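Open the model in your viewer and keep the sequence panel beside it. Each stop below says what to select and what is found there.

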Amino acid sequence: MVYRTDYHMHTLFSDGRSAPEDYIEPAVAANLKEIGFSEHLTLYREPLDWSMNLSEVSSYLEHIKDLKKRVTSIRVRTGLEVDYFTGKEEEIYSYISSMDLDYVIGSVHYLGDDSVDMGPEFYKDKDPDTLFEIYFNQVTAAAASGLYDIIAHCDLIRIYGLKPSTVLEHLYRKLAVNLKRYDVAFEVNTNGRNKPLADFYPDRQFLYIFREEGVPVCVNSDAHMPSRVGQYFDEAYDLLRKAGYTEMAVFDKRERYMVPFE
């Protein structure tokens with residue numbers, strides 16, 4: 001049986017709909033061995049309604065620390081999902097390096113001043129081929145930054161069904177090569193099934209590239225409500241098996257360990 005973990009979920013501390021405690025019972029019911037919280041932290045932007053303010057981070061960390069002590073039915077991990085911004089690597093590192101975290105998830109939401117997942121209007125009158133190139137370059141830079149243990153929804157640019165005219169294999173290959181080079185895992189993010197895209201991130205047809213390049217993987221729900229914890233995981237595991245994966249990445253105090261599927 002797969003050693004099931006779900007390291008990507010959001011609660012009332014950022015843009016989730018429930019308190020951290022509410023995710024425990026659904027996680028146990030989904031046969032998860034570990035659950036991890038990873039609230040949004042978006043530095044260098046005005047206060048956002050979907051991301052923690054800096055003043056809230058210590059309360060979040062203390063809350064999860066206390067939850068770890070109280071919960072015995074499942075192992076609880078502490079994480080953050082931290083947005084990547086080019087040129088801000090040292091500042092991001094100085095902020096998160098002293099925190100007691102089990103992992104840090106890196107994500108790219110912004111291209112310029114706008115987030116790619118706040119509405120389809122972002123894509124109006126823009127060239128899909130150019131957008132994909134720019135977005136993948138940003139994600140590749142995030143992987144190379146040394147800041148992150150996991151890269152989230154690595155092709156979030158697909159969220160509204162954007163379809164470039166060019167073959168995309170070279171972009172996924174370049175990203176996978178850099179994930180391997182800088183020893184960063186990626187996630188199969190099942191929450192894409194709940195978006196207009198209606199499919200996982202990354203594009204399932206390119207999972208074999210990550211396996212060929214030897215990039216570690218974990219499966220995450222990116223749940224914003226308890227009912228989506230562990231959602232579609234069986235399908236995700238089957239896809240990974242077909243791509244040739246035989247083990248999953250697990251995290252503890254920013255160290256990664258590999259656990260066989262079976």
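Which residue in β11 is the bridge partner of phenylalanine 251? Select phenylalanine 251 and arginine 256: arginine 256 is the partner. Keep in mind during the tour that this is a predicted model.

**Stop 1: the hairpin**

Widen the selection to residues 247-252, strand β10, and residues 255-260, strand β11. The two strands pair in the antiparallel sense over 6 bridges. They form a hairpin with 2 residues between them. Pick lysine 253 in the turn, which has a positive phi of about 55 degrees.

**Stop 2: helix α4**

Select residues 128-144, the 17 residues of helix α4. Place a distance label between the end C-alpha atoms: they are 24 Å apart. At 1.5 Å a residue the helix should span 24 Å, so the expected and modelled values agree.

Now colour the buried residues of α4, which include Leu131, Phe132, Tyr135, Phe136 and Val139. Asp129, Gln138 and Thr140 are also among the buried residues of this helix. An α-helix has 3.6 residues a turn, so residues three or four places apart point the same way. Show what surrounds the helix: its buried residues pack against β5 (110-111), β7 (150-151) and α5 (169-181). Just after α4, select glycine 146, which takes a positive phi of about 80 degrees.

**Stop 3: strand β8 and its neighbours**

Select residues 185-189, strand β8. How many of its 5 residues are buried? The count is 5 of 5, and the strand is mostly covered. Show the side chains: Ala185, Glu187 and Asn189 point one way, whereas Phe186 and Val188 point the other way.

Add β7, which pairs with β8 in the parallel sense over 2 bridges. Isoleucine 151 has phenylalanine 186 of β8 as its bridge partner. Add α5 as well, and the view holds a right-handed β-α-β unit made of β7, α5 and β8.

Then select residues 217-220, strand β9, which pairs with β8 in the parallel sense over 4 bridges. Phenylalanine 186 stands opposite valine 217 in β9. Trace the chain from β8 through helix α6 (residues 207-212) to β9; this β-α-β crossover is right-handed too.

**Stop 4: lysine 180**

Go back to helix α5 and select lysine 180. Is lysine 180 buried or partly exposed? It counts as partly exposed, because its relative accessibility is 45%. Leaving aside residues up to four places away in sequence, lysine 180 touches Glu213, Gly214 and Val215. For a long-range reference, add glutamate 62: the two residues are 118 apart in sequence, and their C-alpha atoms are 33 Å apart in space.

**Stop 5: salt bridges**

Side chains of opposite charge can pair when their charged atoms come close. The model has a count of 18 salt bridges. Three of them are visited here.

Select arginine 4 and aspartate 234, whose closest N and O atoms are 2.3 Å apart in a salt bridge. Arginine 4 lies in the segment before β1 (5-6) and aspartate 234 in helix α7 (residues 233-243), so the pair ties together parts that are 230 residues apart in sequence. Arginine 4 counts as buried at 15% relative accessibility, whereas aspartate 234 counts as partly exposed at 47%.

Next select aspartate 102 and lysine 68, whose side chains meet in a salt bridge at 2.9 Å, N to O. Where do the two residues lie? Aspartate 102 is in the loop between α3 (89-96) and β4 (103-107), and lysine 68 is in helix α2 (residues 54-70). Aspartate 102 is buried, with a relative accessible area of 2%, while lysine 68 counts as partly exposed at 32%.

Last, select glutamate 212 and arginine 173, a salt bridge with its closest N and O atoms 2.9 Å apart. This pair links helix α6, which holds glutamate 212, to helix α5, which holds arginine 173, across 39 residues. Glutamate 212 counts as exposed at 52% relative accessibility, and arginine 173 is partly exposed with a relative accessible area of 22%.

To finish, select Glu34, Lys68, Arg75, Arg77, Asp102 and Asp252 together: salt bridges that share partners join these residues into one network.

Methods: Residues are numbered from 1 along each chain as its sequence is written. This is a predicted model: local features need pLDDT of at least 70, side-chain atom pairs count only at pLDDT 80 or more; totals for chains, interfaces and linings use all residues. Side-chain values use heavy atoms; hydrogens and water are left out. The expected span of a helix is 1.5 Å times one less than its number of residues. Buried means under 20% relative accessible area, exposed over 50%, partly exposed in between (1.4 Å probe, protein chains only). Contact means heavy atoms within 4.5 Å. Two strands pair if DSSP finds at least two bridges between them. A crossover is right-handed if, with the strands pointing away from the viewer, the path from the first strand over the helix to the second runs clockwise. A salt bridge is a side-chain nitrogen of Lys or Arg within 4 Å of a carboxyl oxygen of Asp or Glu.
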